[in-house]
Amino acid sequence: MHSSRQRLFLLCALAICACSDNTSRSLSVDAPQLEYPAAAPGDTTDDYHGTIVADPYRWLEGDVRDEPDVAGWVDAQNSVSERYLAALPERAPIHARLESLWDYERASVPSKRGAFYFTRHNDGLANQARVYRSANAEQLGDLILDPNTWSEDGTVALAGYDADPSGRYVAYLIQDGGSDWRTARIYDVQTGKDLPETLRWLKFTGISWQADGSGFYYSRYPATESGAFQRLNENHTVYFHRLNTEQSADEEVFTDPEHPRRSYFAEATSDGRHLLITASVGTDDRYEVHLGTQQSRGLGAFRKVVSGFDYDYSFVANRGNALFFFTNEDAPRGRVVLLDAGAPQPMPREIVATAEDTLDGVALVGDVLVLQYLHHARSKVQLLKLAGAGVEPLRELELPGIGTVSGFESSLDGETFFTYSSVNRPPTTYRYDVAVGERTTLREPDVGFDPDDFSVQQVFYSSRDGTRIPMLITHRKDVALENAPTLLYGYGGFNISLRPTFSVSRMGWLSLGGVYAVANLRGGGEYGSEWHKAGTGANKQNVFDDFIAAAEHLIDEGITSPEKLAIYGRSNGGLLVGAVLNQRPDLFAAALPAVGVMDMLRFQRFTAGRFWTDDYGASDNADEFAALHAYSPYHNIRDQAYPPVLITTADTDDRVVPGHSFKYAARLQAADTGGAPKLIRIETRAGHGSGKPTAMVIDEYADMWAFIAHHTGLEVDDD
């Protein structure tokens, strides 16, 4: 999430390809007679608007921690998968390569509070990054929080933190076993100890400190003693917590009992004058905004300054009563407007008009607006200076190439920080003086490879309906783009833009000699809200068509072939892989659907699934059921040859509950899909992905990359 645009933490997590003749390669682990654990089909059916739909594996929706039959099935599946993956000759060298690549120092963009700078830092292979505080941005300073001491296996993680305006107190969020639920504690840097209170039942929340440092605002759900894992999330409420008091004394700031399924996010302005409550109804960036003071309590104490849940209105910063917002109202690719908090009925006044490129982030640093644009899915940064009632051009920030910029936290002074990265370049951190345009390197990672040994190029191809789609192709320069083992990644949803960013796991595949391609599918935000809408609801098939066309382009250009092309996607991207496999299994040598939304008829019945109806629609609606049923991965598995498939999920994923992957795996294994392996790898205490310890991440990618390397013919050296 960009610091300049407040998303409401409700999105699915994000998300890589080779195709065969749909039979396994003739190595010892390719057992056509692979025996899968028994999963007895039931006779459950549902009547959807007159259409009877079978759901034979409904019983696998049960919580693995409470249902012995489900737990037994999970253990048996893991036993089969572990034996298969351990026997892959590629796994050991790939694991060693990943471990070597991961072992480098990396740090976050510093955030400044008072006279202090706070930075997250990992010295290499630590399971979790640590937090440091320093009076000098160039130094890490003193260790403040070390999540590596919170659990023996590294599965208790730091999910977020923010220091008070003086930099003395740090409120931080704890994530246990990958769950979306959070526990909050407060660390007193002066005493070196936590305050006595613990806050529970936090979910989809930020931390926003009151200007005087007396406490902070946060969002939570009502306490639930049992069954919280899959329960729908309702009655989100904003509270104010005062330091050194119990949670039971927290003041209720904002909720609306008449609308229990709305979500609320609080943000206090740094000058203490205003408190904004942003309300959402789903994952779309469609908000209402309520304005009060930092003493306001209760629905009636706030004015609604943005109504209707029609447009994105994301708060940027304020200067007195002037409230700056990013919005896409009358501007599908975004613009900046100002609301006057002193007016009886504030009306938006345009400050920055919409441009040809997509406005992706806004910060106000001193009196300079920093505008982050996406130019064909890659970063471009423009700076404008506030001048009277408007702005005037200042400069464009020069960037090294095709890459991604992040950072630029709003601040009252002219100092800010940002990183630049690309697929082949880990993030380099810069300090930037916006007034004079001076950029100095703060931290540049020392990695075990030369970024210049890799080529990053952007191409465009046509989808089925003629829409022009950008795709990024990266490879080692000594690897010829001729019938090469290739990994194709996609997402295509929730207005999420896929930028050219660095990933150690990806670099593992690239360093082995594989080609990596990422397609910027419709459903994302690369070209604004219209591009997003073109891949949602009844238009979701466009996303699958875009992905299929990407695969066909790679094959038609001779870069790869169906025998060497693998696909990978996570969450909504897991849905993408599952749907495309059903529609075009002949195109691929292997597939990695991870933590996917596989049952499109029941997703809205679990945890945060109801938020996703913005993108998908819902089977409860007759006019949306048909489209969902037509592509739902679980419901459209057919008796046809499928390539090797490795499904991945986690037993404690409470965002996309693991029942999605369990049911999909059981049905895929039961169907007549040929002798290629159809495996499921089920992590324990890992959740949807965030907070996963480094060692566990390396193990997971070693399994996945070994699986696709094996089935795409990528030669892996032992050294």
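Contact in these views means heavy atoms within 4.5 Å, and helices (H or I, at least four residues) and strands (E, at least two) are DSSP runs numbered from the N terminus. The model is predicted, and local features need pLDDT of at least 70, side-chain atom pairs count only at pLDDT 80 or more, and totals for chains, interfaces and linings use all residues. Residues are numbered from 1 along each chain as its sequence is written, and side-chain values use heavy atoms, without hydrogens and water.

**View A. Helix α2, residues 91-102, and the elements that cover its buried residues.** Helix α2 consists of 12 residues and reaches 16 Å from its first C-alpha to its last, close to the 16 Å expected (1.5 Å times one less than the number of residues). Arg91, Pro93, Ile94, His95, Leu98, Leu101 and Trp102 of α2 are buried (buried is under 20% relative accessible area, exposed over 50%, partly exposed in between, with a 1.4 Å probe and protein chains only). The cover over these buried residues includes three helices and a strand, namely α1 (68-86), α3 (504-511), α10 (694-712) and β4 (106-107).

**View B. Helix α10 and its crossing with α2.** Helix α10 has 19 residues and reaches 26 Å from its first C-alpha to its last, close to the 27 Å expected at 1.5 Å a residue. This helix is mostly covered, with 17 of its 19 residues buried, and α10 is followed by Gly713, whose phi is positive, near 80 degrees. The axes of α2 and α10 come within 9 Å and cross at roughly 135 degrees (axes are lines fitted to C-alpha atoms, for helices over the stretch in contact, with angles from 0 to 180 degrees between N-to-C directions). The two helices, α2 and α10, are therefore oblique to each other (under 35 degrees is roughly parallel, over 145 roughly antiparallel, 65 to 115 roughly perpendicular, the rest oblique). From α2, the residues that make this contact are Arg91, Ile94, His95, Leu98, Glu99 and Trp102, and from α10 they are Thr694, Val697, Ile698, Asp699, Tyr701, Ala702, Asp703, Trp705, Ala706 and Ala709.

**View C. Helices α3 and α10.** Here the axes of α3 and α10 come within 11 Å and cross at roughly 30 degrees, and the two helices are therefore roughly parallel to each other. The contact is formed by Ser505, Arg506, Gly508 and Trp509 on the α3 side, and by Tyr701, Trp705, Ile708, Ala709 and Thr712 on the α10 side. Two of the α10 residues named here, Tyr701 and Trp705, also belong to the contact of α10 with α2.

**View D. Val336 in strand β24, residues 335-340.** Val336 has a relative accessible area of 0% and is therefore buried. Leaving aside neighbours within four places in sequence, Val336 is in contact with Phe324, Phe325, Arg349, Glu350, Ile351, Val352, Leu359, Val362 and Leu371. Pro348 lies 12 residues from Val336 along the chain, and the C-alpha atoms of these two residues are separated by 9.2 Å.

**View E. Asn321 in the loop between β22 (313-319) and β23 (322-327).** With a relative accessible area of 28%, Asn321 is partly exposed. When neighbours within four places in sequence are left aside, the contacts of Asn321 are Arg273, His274, Leu339, Asp340, Ala341 and Gly342. As a longer reference distance, Asn321 and Val80 are 241 residues apart in sequence and 62 Å apart in space, C-alpha to C-alpha.

**View F. Asp433 in strand β32, residues 425-433.** Asp433 counts as partly exposed at 30% relative accessibility. Apart from residues up to four places away in sequence, Asp433 touches Gly414 and Glu438. Gly414 is 19 residues from Asp433 along the chain, yet the C-alpha atoms of the pair are separated by 5.7 Å.

**View G. Asn483 and Val595, two loop residues with positive phi.** Asn483 has its place in the loop between β35 (468-476) and β36 (486-489), and its phi is near 50 degrees, a positive value in a residue other than glycine. Val595 is found in the loop between β39 (589-594) and α7 (613-616), with phi near 35 degrees, again positive in a residue other than glycine. In accessibility, Asn483 counts as partly exposed at 38%, whereas Val595 counts as buried at 4%.
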